[in-house]
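Below are some notes for a colleague, set out as numbered points to be read beside the sequence and the coordinates.

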Amino acid sequence: MTGASEVEWPAADPPSECPVQAVPAAPQASEAQESAVRMYGQILQRDPKELYREMRREHGPVAPILLEGDLPAWLVLGYREVHQVTTDSELFARNSRRWNHWDDVPDGHPLWPWLGIDHSVLVSEGEEHQRRAGAISDALAAVDQFELWDQCARIADRLIDSFAGSGRADLIAEYTDRIPLLVVTTMFGMTEEQTRDLIGDLSTTIDAAEGAGAAHNRVVDRMRALLAVKRERPGNDLPSRLLGHPSTANDDECAIDLVILLTAAHQPTASWIGNTLRLLLTDERFALTLSGGRRSVGDALNEVLWEDSPVSNLLGRWAARDTQLGGRSIRKGDLLLLGYNAANSDPQVWPDGTNAHMAGNHAHMAFGHGEHGCPFPAPELAEVIAKSTIEVLLDRLPDLRLAVEPEALRWRQSTTIRGLVDLPVEFTPTYAKRP
């Protein structure tokens, strides 16, 4: 493998096609920044619901925050406000070149992979976004969901075989963090040898940890190398379908969009599985029905999307002009962080403070909303992966139980991902299903 490629990060001075003009801060903005919450570090280990309640009490549905490096932004906490931002893509645009604080972002900042990839489908806009998102949707729609379920079950059985005889396991490291990547890379037509080190690089990128830019570049390199092979020998896989799609402009565009697909499919799905297993192992409502309970797995998956959505916050949107949102003065070029988990727990949505109405309700923000939400049928494919993974595990290890007190479980220090660091469990040792 060659060295990491150079990604075209936005320059400190935005290009002429998306001019950003300096606008004096409104008094309200200046006052708000004095009480801004630092959304990085140890605060992310706190109970997020309590944190969001405090922020709502002090700031309302839109709160001033500081990202790593004390970069100013707004966290959109209200369900109605998140819906407004994700619906109006002209006012709250997706291209990060509009940001009015590029001068404050040092080279190598860990948020570069989220903020600086201005040529991916993630930050494309208008007709270009429709073209590229349409190609991705078409490529995903060709995946047979019955075959996908069988593939997930085979991979799950193989991973369970590796620890079934020990009676103990860390389900994050040994199971949930591995399955989505193994499944998706198989959909990419990749071998396990080709996926070596991908988990580490993808986790570093999505957590905005030190070295995130270099990790992202290594993943881009792998996708470029993969496309070179698929260009010569196309197959029945996602890269080949994207390459052959009439809306795909070139290989470089295809490579970066494959990185976005890989990133979005891996860690969010892994955390969805892990968070759901935690719920099943700690909540008596589910423990009482697990003996028979295929329905309870589906209920748990949906409840997690409301209560502990794997994508807790998403960067971002940039105001295309001065505007108002949730009683705040938003200036042209301001960055907005979409608080999906905060919106899902908005008391305006659940005024009684309970989740009694969640069963069968899919109006959560877990997969985003609007033209920049997850492309169809990505949510359906993610659910196939998550549900099959959990059901196979429960079938194989029916007396699965948590090996520590629930309060001892550790959460990732990530602004964007709500997921567990580990999930230690115990069970009666059993035989491997396959030799």
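1. In which helix is the place of alanine 214? In this predicted model, alanine 214 belongs to helix H10, which covers residues 212-232. Its relative accessibility is 36%, and alanine 214 therefore counts as partly exposed. The C-alpha atom of alanine 214 is separated by 8.5 Å from that of glycine 108, although their positions lie 106 residues apart along the chain.

2. The axes of helix H6 (residues 145-161) and helix H8 (residues 179-187) come within 10 Å and cross at roughly 135°, and the two helices are therefore oblique to each other; the crossing is right-handed. On the H6 side the contact is made by Leu148, Gln151, Cys152, Ile155, Ala156, Arg158 and Leu159, and on the H8 side by Ile179, Leu182, Val183, Thr186 and Met187. By character, the residues of this contact are nine nonpolar, two polar and one charged.

3. Turning to the aromatic residues, the count of aromatic pairs comes to four. One of them joins phenylalanine 163 and tyrosine 175 in an edge-to-face arrangement, with 6.3 Å centre to centre and 90° between the planes. Phenylalanine 163 lies in the loop between H6 and strand S5 (168-170), whereas tyrosine 175 is in helix H7 (residues 171-176), so the pair ties together parts that are 12 residues apart in sequence.

4. Both members of that pair can also be described by their accessibility: phenylalanine 163 is buried, with a relative accessible area of 1%, and tyrosine 175, at 0%, counts as buried as well. Together with Phe427, Phe163 and Tyr175 form one aromatic cluster.

Technical notes:
Residues are numbered from 1 along each chain as its sequence is written. This is a predicted model: local features need pLDDT of at least 70, side-chain atom pairs count only at pLDDT 80 or more; totals for chains, interfaces and linings use all residues. Side-chain values use heavy atoms; hydrogens and water are left out. Axes are lines fitted to C-alpha atoms, for helices over the stretch in contact, and angles run from 0 to 180 degrees between N-to-C directions. Helices (H or I, at least four residues) and strands (E, at least two) are DSSP runs, numbered from the N terminus. Angles under 35 degrees count as roughly parallel, over 145 as roughly antiparallel, 65 to 115 as roughly perpendicular and the rest as oblique. A crossing is left-handed if the near helix is turned anticlockwise from the far one by less than a right angle, and right-handed if clockwise. Contact means heavy atoms within 4.5 Å. Ala, Val, Leu, Ile, Met, Phe, Trp, Tyr, Cys and Pro count as nonpolar, Asp, Glu, Lys and Arg as charged, and the others, Gly among them, as polar. Buried means under 20% relative accessible area, exposed over 50%, partly exposed in between (1.4 Å probe, protein chains only). Rings of Phe, Tyr and Trp (its six-membered ring) pair if their centres lie within 6.5 Å; planes under 30 degrees apart count as stacked, over 60 as edge-to-face and the rest as tilted.
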